[in-house]
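Please open the model in your viewer and keep the sequence beside it, since each stop on this tour asks you to select something and look at what is there.

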Amino acid sequence: MNQKTPLPSRREPRERFYRRERQSVPQARAFARTALNGWGIHDRAYEIALCVSELTTNALLHGVPPGRGFLLCLSHDGGVLRIELHDSGGGWPMPGTDVGGDGDAESGRGLLLVAALADKWGVVERDPGKIVWCEFVTDVPGVSGRTSRRPRG
């Protein structure tokens with residue numbers, strides 16, 4: 001008799017350290033896409049990659065002191081994908097608004113995007129610095145989740 005082997009509910013976490021440099025953002029995004037493909041997560045890959053970009057960009061601009069770097073951690077457990085960005089900088093990230101008020105500002109929207117796309121997000125202290133995290137409920141074979149909120153068309 002042929003029996004299906006159930007998928008494990010927990011996938012091995014993936015993590016990578018990045019230096020404080022501009023090319024770390026696309027490298028982190030590519031790392032996340034590779035992890036998602038390895039885990040068979042395709043339904044929210046665009047949203048997840050965008051949040052990885054926003055969190056890494058925020059870390060580079062606001063959270064990582066000169067000469068330091070940040071750690072990107074991805075984990076998948078029971079249909080929930082978690083992204084964590086560990087940095088050693090001070091300050092506490094807050095969703096921003098357009099500083100100029102004219103809608104043309106080039107910054108200030110990163111955490112607003114994360115809050116809009118992710119199912120949950122938050123910040124916790126670490127010594128030194130903080131961990132900014134977000135979570136996505138995902139659809140993978142054998143694990144129920146929710147479907148993408150990304151507009152189709």
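Begin with the turn of a hairpin: strands β2 and β3 form it, with two residues between them, and G78 in that turn has a positive phi of about 60°. As you look, keep in mind that this is a predicted model.

Next, select residues 69-77, which make up strand β2, and show the surface, where you will find this strand mostly covered, with seven of its nine residues buried. Add residues 80-87, which are strand β3, and follow how β2 and β3 pair in the antiparallel sense over eight bridges. One place to see the pairing is F70, which stands opposite D87 in β3.

Stay with β3 and pick E84, whose place is in that strand. Which side chains does E84 join through polar contacts? One such contact, of 2.7 Å, links the side chains of E84 and R82, while another, of 2.9 Å, links those of E84 and H86. In a regular strand, side chains alternate between the two faces of the sheet. If you then show the surroundings of E84, setting aside residues up to four places away in sequence, you will see that E84 touches L71, L72, C73, I131, V132 and W133.

From there, move to I131, which lies in strand β5, residues 130-137. Is I131 buried or exposed? Its relative accessibility is 12%, and because buried means under 20%, I131 counts as buried. Apart from its neighbours within four places in sequence, I131 is in contact with E84, L85, H86, G122, V123, V124 and R126. To relate β5 to β2, draw a distance between the C-alpha atoms of I131 and L71, which are 60 residues apart along the chain and separated by 9.3 Å.

Now turn to the helices, selecting residues 24-39 for α1 and residues 45-63 for α2, whose axes come within 9 Å and cross at roughly 145°. The crossing in which α1 passes α2 is right-handed. To display the contact, select S24, V25, A28, R29, A32, R33 and L36 on α1, together with A45, I48, A49, V52, S53, T56, T57 and L60 on α2. Coloured by class, this contact of α1 with α2 shows nine nonpolar, four polar and two charged residues.

The last stop is R44, which lies in the loop between α1 and α2. With a relative accessible area of 1%, R44 is buried, and a polar contact of 2.7 Å joins its side chain to that of E47.

Notes. Residues are numbered from 1 along each chain as its sequence is written. This is a predicted model: local features need pLDDT of at least 70, side-chain atom pairs count only at pLDDT 80 or more; totals for chains, interfaces and linings use all residues. Side-chain values use heavy atoms; hydrogens and water are left out. Buried means under 20% relative accessible area, exposed over 50%, partly exposed in between (1.4 Å probe, protein chains only). Helices (H or I, at least four residues) and strands (E, at least two) are DSSP runs, numbered from the N terminus. Two strands pair if DSSP finds at least two bridges between them. Axes are lines fitted to C-alpha atoms, for helices over the stretch in contact, and angles run from 0 to 180 degrees between N-to-C directions. A crossing is left-handed if the near helix is turned anticlockwise from the far one by less than a right angle, and right-handed if clockwise. Contact means heavy atoms within 4.5 Å. Ala, Val, Leu, Ile, Met, Phe, Trp, Tyr, Cys and Pro count as nonpolar, Asp, Glu, Lys and Arg as charged, and the others, Gly among them, as polar. A polar contact is a pair of N or O atoms within 3.5 Å; within protein, one must be able to donate a hydrogen and the other to accept it, and residues adjacent in sequence count only if both atoms are side-chain atoms.
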